[in-house]
Amino acid sequence: MIDEIYSKDILRLAADLPHAGRLERPDGTGERTAKLCGSRAVVDVRIGHGATVEDFAQDVKACALGQAAASIVGAHAVGSDLTEARAARDALRDMLKAGGEGPTGRFEGLRMLKPVADYPARHASTLVGIEALCDALETAMARTRGAGSA
């Protein structure tokens with residue numbers, strides 16, 4: 001059954017990582033590593049009006065599942081905000097760990113990773129991209145608040 005999680009669609013996504021690289025002078029950076037396998041995502045964001053992502057880059061060194069999830073996140077990060085990213089992260093985590101339906105809205109594509117729920121050792125690597133996006137947005141928001149009060 002492990003073939004189900006490494007479908008052609010997953011492998012295609014893993015091979016095509018949008019916005020690969022790093023940003024110069026990001027407003028926020030987030031980094032997550034899956035302890036079990038070492039999958040790692042570093043996300044840089046620049047935010048604009050309404051605290052939405054205006055520019056996004058990611059450096060991902062992960063297994064096929066982590067790469068595929070990061071590919072979906074990267075394809076839809078621009079235009080998102082912290083509320084959307086957190087909702088997607090929480091829904092993805094719930095889908096993997098508690099049988100939830102998965103993210104809706106701009107990050108709904110993460111639902112294709114539902115078969116990973118049967119493989120707990122793969123959960124952390126599947127989450128690194130969306131978790132790093134949340135961390136980057138949180139850092140950017142904190143810097144924006146700090147700059148506004150100076």
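Begin by selecting Ala34 in this predicted model: with a relative accessible area of 3%, Ala34 is buried, since the cut-off for a buried residue is under 20%. Ala34 sits in the loop that lies between strand E1 (28-33) and strand E2 (40-47). Display the surroundings of Ala34, leaving out residues up to four places away in sequence, and Ser39, Ala124, Ser125 and Val128 appear as the residues it touches. Then add Gly66, which is 32 residues apart from Ala34 along the chain; their C-alpha atoms are separated by 9.4 Å.

Next, select helix H5 (residues 123-149) and find Asp135 within it. Is Asp135 buried or exposed? Asp135 has 17% relative accessibility and therefore counts as buried, the cut-off being under 20%. Beyond the residues up to four places away in sequence, Asp135 touches Thr29, Gly30, Glu31 and Arg32.

Remain on H5 and select Leu133. Once neighbours within four places in sequence are set aside, the contacts of Leu133 are Val43, Val45, Phe56, Val73, Ala77, Ser80, Ala85 and Phe107.

Leu133 also leads to the largest nonpolar core, where it is one of the residues with the most contacts inside that core; the others so listed are Val45, Phe56, Leu110, Leu113 and Leu137. The core has 39 residues. Colour the elements that give two or more residues to this core: H2, E2, strand E3 (53-61), helix H3 (64-76), helix H4 (82-98) and H5. Which element gives the largest share of this core? That share, nine residues, comes from H5. As background, nonpolar side chains tend to be buried together in soluble globular proteins.

Now turn to helix H2 (residues 8-15) and select Ile10, Leu13 and Ala14, its buried residues. Look down the axis of H2: these buried residues fall within an arc of 100 degrees, so they line one face of the helix. Rotate the view to the other side of H2, where Lys8, Arg12 and Ala15 are exposed.

Keep H2 on display and add H3. Two packed helices are described by the angle between their axes and the distance between the axes. For H2 and H3, the packing angle is about 70 degrees and the axes are 7 Å apart. The two helices are therefore roughly perpendicular to each other, a description that covers angles of 65 to 115 degrees. To see where they meet, select Ile10, Leu11, Leu13 and Ala14 in H2, together with Ala64, Leu65, Gln67, Ala68, Ser71 and Ile72 in H3. By class, this contact of H2 with H3 has eight nonpolar residues, two polar residues and no charged residues.

The last stops concern backbone geometry. Most residues other than glycine have a negative phi, and most peptide bonds are trans. Select His19, which is not a glycine, yet has a positive phi of about 60 degrees. His19 is placed in the loop between H2 and E1. With 38% relative accessibility, His19 counts as partly exposed.

Finally, move to the loop between E2 and E3, where Ala51 is found. Ala51 is not a glycine either, and its phi is positive, at about 60 degrees. How does Ala51 count at 18% relative accessibility, as buried or exposed? At that value, Ala51 counts as buried.

Terms used
Residues numbered from 1 in each chain as written. Predicted model: local features only at pLDDT ≥ 70, side-chain atom pairs only at ≥ 80, totals over all residues. Heavy atoms only, no water. Helix = DSSP H or I, 4+ residues; strand = E, 2+ residues; numbered from the N terminus. Buried < 20%, exposed > 50% of the residue type's maximum accessible area, 1.4 Å probe, protein only. Contact = heavy atoms within 4.5 Å. Arc of directions from axis to C-beta. Core = buried A, V, L, I, M, F, W, Y, C linked by side-chain atoms within 4.5 Å. Axes fitted to C-alpha atoms, helices over the stretch in contact; angles between N-to-C directions. Parallel < 35°, antiparallel > 145°, perpendicular 65-115°, else oblique. Nonpolar A, V, L, I, M, F, W, Y, C, P; charged D, E, K, R; others polar.
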